[in-house]
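Work through the exercises below with the sequence and the model side by side. Each task is followed by a solution in steps.

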Amino acid sequence: MSKTHLGHTARKRFGQNFLHDPYVIDQIVQAIGPAAGQHLIEIGPGLGALTEPVCELVDSLTVVELDRDLAHRLRHHPFISAKLTVIEKDAMKFDFASLCDGDSKLRIFGNLPYNISTPLMFHLFSFSEHIQDMHFMLQKEVVDRLAATPGHKNFGRLSVMAQYYCSVIPVLAVPPGAFKPAPKVDSAVVRLVPHQKPIVQVDDISMLNKVCTSAFNQRRKTLRNSLKDILSAEQIDALGIDPQRRAETLSLEQFAALANAVSNAPNILE
């Protein structure tokens with residue numbers, strides 16, 4: 001299959017796969033539910049598969065596009081350029097808070113490049129107080145990990161951190177044939193809705209991330225072994241958590257308790 005689509009060659013370094021299935025595109029736009037007056041931001045608009053139908057429903061749309069050729073194409077789009085604000089920057093480094101205007105929260109969506117989807121979501125989580133919701137096309141495996149519950153083999157650091165920040169709602173499965181070029185993996189759309197208030201108390205978010213990284217780094221190990229450099233078995237036990245358990249069996253609340261225990265005992269890290 002040719003990798004050229006509407007005069008643009010999909011670039012591997014940008015992880016580009018362009019949506020072209022009208023039915024799937026319509027389903028995604030319906031899931032997003034864009035409406036006039038909302039502050040909508042699209043990350044990686046590409047050839048405008050979602051941009052064009054969303055623009056039919058709203059008066060304005062901000063797009064963040066790193067690819068210079070695609071940004072130029074959108075600025076000169078014959079039908080929708082007047083509605084677009086094109087930000088030609090790397091979304092991974094972009095300050096999304098700079099787009100906030102008054103009390104209006106951001107509604108972010110996009111077909112995220114598979115090679116940066118996880119770090120980009122972590123970047124966006126840091127702006128969660130400014131975000132109403134996010135709708136992303138991702139590898140199905142990533143959506144499964146985002147939505148996984150304790151005890152499931154897909155449950156890991158991404159599950160804990162995403163669920164700390166957001167409600168995670170899988171919306172739609174998307175087959176490879178909906179893209180050009182067709183990726184070698186299945187895709188899915190997920191809705192992420194930031195919590196209005198934290199659902200668990202975490203004293204230091206970076207410590208929650210550190211504890212999750214340590215606990216899941218060697219999934220087969222018990223907490224006694226995987227966390228031994230930051231918490232003793234006695235300290236874990238004192239939280240009412242059996243040190244013989246494995247990371248994937250713990251709830252978000254239990255990870256928060258572990259992280260807070262480390263934060264409140266800084267001498268362990270000396």
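**Exercise 1.** Leaving aside its neighbours within four places in sequence, which residues is phenylalanine 96 in contact with?

Solution. The model is predicted, so local features need pLDDT of at least 70 and side-chain atom pairs count only at pLDDT 80 or more, while totals for chains, interfaces and linings use all residues. Residues are numbered from 1 along each chain as its sequence is written, and side-chain values use heavy atoms, with hydrogens and water left out.

Step 1. Contact means heavy atoms within 4.5 Å. With that cut-off, phenylalanine 96 is in contact with Ile41, Ile43, Val64, Ala91, Leu106, Ile108, His123, Leu124 and Phe127.

Step 2. A nonpolar core is a set of buried Ala, Val, Leu, Ile, Met, Phe, Trp, Tyr and Cys residues joined through side-chain atoms within 4.5 Å. Buried means under 20% relative accessible area, exposed over 50%, and partly exposed in between (1.4 Å probe, protein chains only). The largest nonpolar core has 60 residues, of which Phe96, Ile108, Phe136 and Phe255 touch the most other members. Helix α10 gives the most to this core, with seven residues.

Step 3. Apart from this core lies another, of 26 residues, among them Ile25, Leu40, Val63 and Leu172.

**Exercise 2.** Find the buried and the exposed residues of helix α1 (residues 22-32), and say why the buried ones lie on the same side.

Solution. Helices (H or I, at least four residues) and strands (E, at least two) are DSSP runs, numbered from the N terminus.

Step 1. The buried residues in α1 are Val24, Ile25, Ile28, Val29, Ala31 and Ile32. Because they cover an arc of only 160 degrees around the axis, they are on the same side of α1. The arc is that of the directions from the helix axis to the C-beta atoms.

Step 2. Pro22, Tyr23 and Gln30, on the other side of α1, are exposed.

Step 3. Look at the two ends. At the start of α1, a side-chain oxygen of aspartate 21 comes to within 2.9 Å of the backbone nitrogen of tyrosine 23. Just after α1, glycine 33 has a positive phi of about 65 degrees.

**Exercise 3.** Place strand β5 in its sheet and describe where its side chains point.

Solution. Two strands pair if DSSP finds at least two bridges between them.

Step 1. Write down the order: the open sheet of seven strands runs β6-β5-β4-β7-β8-β11-β9, with mixed pairing. Its edge strands are β6 (84-87) and β9 (166-174), each pairing on one side only.

Step 2. Take the neighbours of β5. Three bridges join β4 (residues 39-43) to β5, and these strands run parallel; isoleucine 43 stands opposite valine 64. Four bridges join β5 to β6, also parallel, with leucine 61 opposite leucine 84.

Step 3. In a regular strand the side chains alternate between the two faces of the sheet. From β5, Leu61 and Val63 point one way, Thr62 and Val64 point the other way, and all are buried.

**Exercise 4.** Is aspartate 67 buried or exposed, and what does its side chain reach?

Solution. Step 1. Aspartate 67 lies in the loop between β5 (61-64) and α3 (68-75).

Step 2. With a relative accessible area of 0%, aspartate 67 is buried.

Step 3. The side chain of aspartate 67 reaches the backbone nitrogen of aspartate 69 at 3.0 Å.

Terms used:
Polar contact = N/O pair within 3.5 Å; in protein donor to acceptor, adjacent residues only side chain to side chain.
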